[in-house]
Amino acid sequence: MNLTININETKNEVFVHLKGEIDAFTAPKLKESLMPYSEKENVYMTVCLQDVQYMDSTGLGVFVGLLKSVRKHNGHLKLTDLSPRLERLFSITGLSDIIDISTKAVGEN
Amino acid sequence: MEMIKDYVEMKFPAKPEYIGVVRLTLSGIASRMGFTYDDIEDLKVATSEACTNAVKHAYKEHPGEMIIGFGIYEDRLEVMVADRGESFEFDKLREQLGPYTPSIPIEDLNEGGLGLFLIDTLMDEVKVLAESGVTVFMTKFLNGERVENETVISKTETN
C-alpha cells in the first residue's frame, strides 16, 4: 500500500511512472514530487498510470492541480495507460473531457 | 429486507495511513460475499472517500478515531464510516459538488471535493447522519454477476 514515483527528465519532457496506490496517504507525496516539474515553462509531462492499482478523488485532485499548473506555464499534461477502472473514474467525474488521457493499448495486459 | 447475517467493526486512528488497511479488509469481506470485481472496486473507492473525509474534515484540530462497520446481509453490504470530530453539512456540500464540465475554465477547477460525489455515484444507497460527528451509511446490493466460488472449486476437482 504505497506509491513508487519514478521521474525521468530530458530537455522539456518529463516522464513519470507511478506504481502502487494513490489515496489520502500517498497523494500529498505525489503532489509534492510532481509540482516542481509542472512549473517549468513549456514542459511536456507524461504520467504513466499502468501500474496504479488503486486511485480515488485524492489522486484526481493531484492531477487537476498539476494540469492547472502545467497550463499556466504553457505546458502539456498527458496521462497514459489507464486501466478500465481508472478510465471510469476519470469519465464519471467529467475529467476525461478536460485532461488528455489515453487508455491501455488493445492487446496489452 | 433480510436479516443481518454478520456485523464487523473496526476502529482506527483517523490517519490517512490506515485507509489502505480499511480497503484490504473491505475487499476481503466483499469478495467473500461474492461481489464482482467492479463492485468491489466501487466499494473500495466509496469507503476510502468516506474515510478520507473523516480524516480531513472531521479532525482539523486534533486527530481522533474513525469507526468502520460492515453490515453483512444475504443480498447487500452496508458500510458505515463514523467519526466523532467536527461535523460538516453534508447535504449542503453535496449540492455544491458534481462532475467537472468542460465549460469551467481550467484555472477555476476545484482540486478537492469529488469524494462525496463519488460516494453518491458508486453506491446504491447513501445516508448521512451529522450529530456529534459524521456517520456515512452506504449500501451496495449484490445484483451483478456473482463470483461463484463453488463452481470454481468443482471445476478444479474435475481437472
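I take two residues to be in contact if their C-beta atoms, placed from the backbone, lie within 7 Å. The model I am reading is predicted.

**Entry: B:Val81.** I looked up what B:Val81 touches, leaving out residues up to four places away in sequence. The list holds B:Thr47, B:Ala50, B:Cys51 and B:Ala54. B:Met66, B:Ile68 and B:Val136 are on the list too.

**Entry: the core.** Next I pulled the largest nonpolar core, which has 68 residues. B:Val81 is among those with the most contacts inside this core. B:Leu43, B:Ala46, B:Ala50, B:Cys51 and B:Ile119 share that standing. Which element gives the largest share of the core? I found H2(B), with eight residues.

**Entry: chain A against chain B.** I then turned to the contact between the chains. Chain B puts in 24 residues and chain A puts in 23 residues. On the side of chain B that touches chain A, three helices give two or more residues: H1 (19–33), H2 (37–56) and H4 (114–122) of chain B. H2(B) provides the largest share of that side, seven residues. I sorted the side of chain B by class and got eleven nonpolar, seven polar and six charged residues.

**Entry: A:Arg71.** Last, I went to A:Arg71, which sits in helix H2 (residues 57–72) of chain A. Is A:Arg71 buried, exposed or partly exposed? I file A:Arg71 as partly exposed because it has 15 C-beta neighbours inside 10 Å; buried would take 20 or more, exposed 12 or fewer. I also checked A:Arg71 against A:Lys104. They are 33 residues apart in sequence, and C-alpha to C-alpha they are 25 Å apart in space.

Terms used: Residues are numbered from 1 along each chain as its sequence is written. Chains are lettered from A and ligands numbered from 1 in the order in which they are written. This is a predicted model: local features need pLDDT of at least 70, side-chain atom pairs count only at pLDDT 80 or more; totals for chains, interfaces and linings use all residues. Helices (H or I, at least four residues) and strands (E, at least two) are DSSP runs, numbered from the N terminus. Ala, Val, Leu, Ile, Met, Phe, Trp, Tyr, Cys and Pro count as nonpolar, Asp, Glu, Lys and Arg as charged, and the others, Gly among them, as polar. A nonpolar core is a set of buried Ala, Val, Leu, Ile, Met, Phe, Trp, Tyr and Cys residues joined through C-beta atoms within 7 Å.
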